[in-house]
Amino acid sequence: MRTSGVLMSLTSLPSPYGVGSMGKAAREFADFLAAAGQTWWQILPIGPTSYGDSPYQSFSTFAGNPYLIDLDDLAGEGLLKSHEYKSLNWGDDPHRVDYGLLHENRFPVLRKAVRRLHLALPEDYGAFLSANESWLGDYALFMALKEANHGRPWQEWEEPLRCREEKAMEKARVKYARDLRFWEGVQYLFFHQWEGLKRYANDRGIRFIGDLPIYVSADSADVWARPEQFQLDGELRPVEVAGVPPDGFTADGQLWGNPLFDWERMAQDGYAWWIERIRRQKGFYDVLRIDHFRGFDEYFAVPYGETTARNGYWKKGPGIALFRAVEARLGKQNIIAEDLGYLNDSVRQMLSDSGFPGMKVLQFAFDSRGGESDYLPHKYVPNCVCYVGTHDNDTAVGWLESISPEDRQFAVDYLKLTVGEGGAWGLMRSALATVADTVILTAQDLLGLGSEARMNEPSTLGKNWQWRAGEGVFTPELAHKLRRETALYYRLPR
């Protein structure tokens with residue numbers, strides 16, 4: 001079935017409190033998507049962000065981001081009083097997230113809400129703790145200890161806690177009991193609101209595509225609590241770290257720095273950690289997009305301590321065996337494979353064996369210097385997901401303005417683009433017209449925004465993950481226009 005949807009980070013929704021959240025604006029965006037005839041709302045990872053603010057570097061692969069908890073909804077449930085958060089300074093620019101200010105102001109407010117939550121615990125609170133006991137206790141203690149250590153990474157904590165010695169852990173659980181209850185309460189509030197938003201969207205025919213980074217952050221509860229799952233030495237330091245090799249865009253490659261999985265160890269217990277990870281993500285979303293899919297076939301390993309990815313090399317991953325194990329335990333999964341970049345025959349075979357749809361990005365198609373790109377629409381097969389650009393790309397308008405005149409003319413001639421509408425709608429129509437079963441457009445392109453609205457520019461710091469939409473920009477007129485285009489290319493829900 002031909003469908004379409006929109007990529008819109010929850011953090012990018014309008015809000016008077018510094019960042020988008022799971023409240024009224026999210027419900028209104030679900031209403032907009034339904035009115036526009038869309039099927040999908042794709043979001044970025046929803047884990048708690050760490051330094052650098054990237055949703056792909058999280059303190060936990062299982063937890064939810066406290067920044068996304070809606071404060072007005074908490075007030076509506078009697079957990080906050082309006083003056084406790086409406087009087088605070090949440091930033092001067094409604095189109096950018098100020099993460100430093102957000103970190104400073106958000107947690108004191110949430111502590112007030114959690115204190116009231118514990119005065120009259122909901123009936124399902126105990127069930128929530130039980131259902132999440134495999135990760136929640138470790139995460140809560142990790143965050144409490146991180147706070148007690150002034151935010152330092154766990155690798156810099158005193159040895160008994162860094163190495164999780166039993167007596168030190170027992171003592172810490174007693175000493176920081178109040179903080180543990182806080183972090184557990186925050187997670188309850190997050191998932192209570194997430195379940196409400198997902199139910200609201202699903203009731204209107206909108207389904208969520210979530211995003212799962214292949215790797216986890218070195219400074220995370222995941223690595224601290226389960227070090228045996230990762231390639232660490234006797235001092236709990238990574239032996240090698242993740243990245244991608246140099247290419248035409250980055251001469252030094254990309255040094256991500258994430259610890260690598262110990263795939264041989266994981267295979268011994270049937271990939272139990274990964275199965276639990278995907279099982280939990282399956283509970284969040286209707287479809288899961290797995291980032292850097294080729295890393296399961298081969299992964300790029302960079303010796304720990306290197307300052308670039310130049311000296312890395314490829315190593316063999318688990319391949320299709322991982323996904324066979326997941327299917328055996330959890331059943332057939334609705335997964336999108338992010339298979340962008342250089343693909344060899346073994347990656348293509350793994351994708352074919354999995355049956356998962358891969359991704360196509362129009363912005364990658366028009367290199368006038370190269371040969372026939374696999375991203376040109378005439379090369380597509382139905383079992384794929386087409387994008388004009390992803391969160392890592394420039395907006396359609398920005399891309400058309402930044403590429404070479406030769407590449408731009410190639411795109412104009414191939415796609416029959418017109419000068420009007422800044423080119424964004426022409427590119428979106430071209431995506432909708434492809435044979436791809438699913439097309440995902442970006443909110444920025446629907447609004448015709450330029451490079452100032454770009455979400456992320458890989459290998460750069462200080463300006464990413466900040467873009468936010470203005471209040472009232474997703475109008476009935478825009479919904480009507482998108483619905484008309486969606487209908488024209490036979491992608492309306494049936």
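Helices (H or I, at least four residues) and strands (E, at least two) are DSSP runs, numbered from the N terminus. The model is predicted: local features need pLDDT of at least 70, side-chain atom pairs count only at pLDDT 80 or more, and totals for chains, interfaces and linings use all residues. Residues are numbered from 1 along each chain as its sequence is written, and side-chain values use heavy atoms, with hydrogens and water left out.

**Exercise 1. Place A436 and describe its surroundings.**

Step 1. Find the element. A436 sits in the loop between helix 17 (424-433) and strand 12 (438-442).

Step 2. Is A436 buried or exposed? Buried means under 20% relative accessible area, exposed over 50%, and partly exposed in between (1.4 Å probe, protein chains only). A436 has a relative accessible area of 0%, so A436 is buried.

Step 3. List the contacts (heavy atoms within 4.5 Å). Leave aside neighbours within four places in sequence; A436 then touches R2, V381, P382, C384, C386 and R491.

Step 4. Check a separation. E452 is 16 residues from A436 along the chain, and their C-alpha atoms are 29 Å apart.

**Exercise 2. Examine the cysteines.**

Step 1. Recall the bond. A disulfide is a covalent bond between the sulfur atoms of two cysteines. The test used here is a pair of cysteine sulfur atoms within 2.5 Å.

Step 2. How many disulfides does the structure hold? The count is 0.

Step 3. Test C386. The nearest cysteine sulfur belongs to C384 and is 6.5 Å away, so C386 is in no disulfide under the 2.5 Å cut-off.

Step 4. Classify two cysteines. C386 has 0% relative accessibility, so C386 is buried. C163 has 34%, so C163 is partly exposed.

**Exercise 3. Describe strand 10 and its partner.**

Step 1. Look at the two faces of strand 10 (residues 358-361). G358 and K360 lie on one side, M359 and V361 on the other, and all are buried.

Step 2. Find the pairing (at least two DSSP bridges between two strands). Strand 10 runs parallel to strand 11 (residues 384-387), with 4 bridges joining them.

Step 3. Which residue of strand 11 stands opposite V361? It is Y387.

**Exercise 4. Sort the lining of the second largest pocket.**

Step 1. Set the classes. Ala, Val, Leu, Ile, Met, Phe, Trp, Tyr, Cys and Pro count as nonpolar; Asp, Glu, Lys and Arg as charged; the others, Gly among them, as polar. A pocket is an open set of points on a 1 Å grid over the protein atoms alone, where a 1.4 Å probe fits, with protein on both sides within 12 Å along at least five of seven lines; lining residues have an atom within 4 Å of a point.

Step 2. Divide the lining. It has 11 nonpolar, 6 polar and 5 charged residues.

Step 3. Find the main contributor. Helix 4 gives the largest share, 6 residues.
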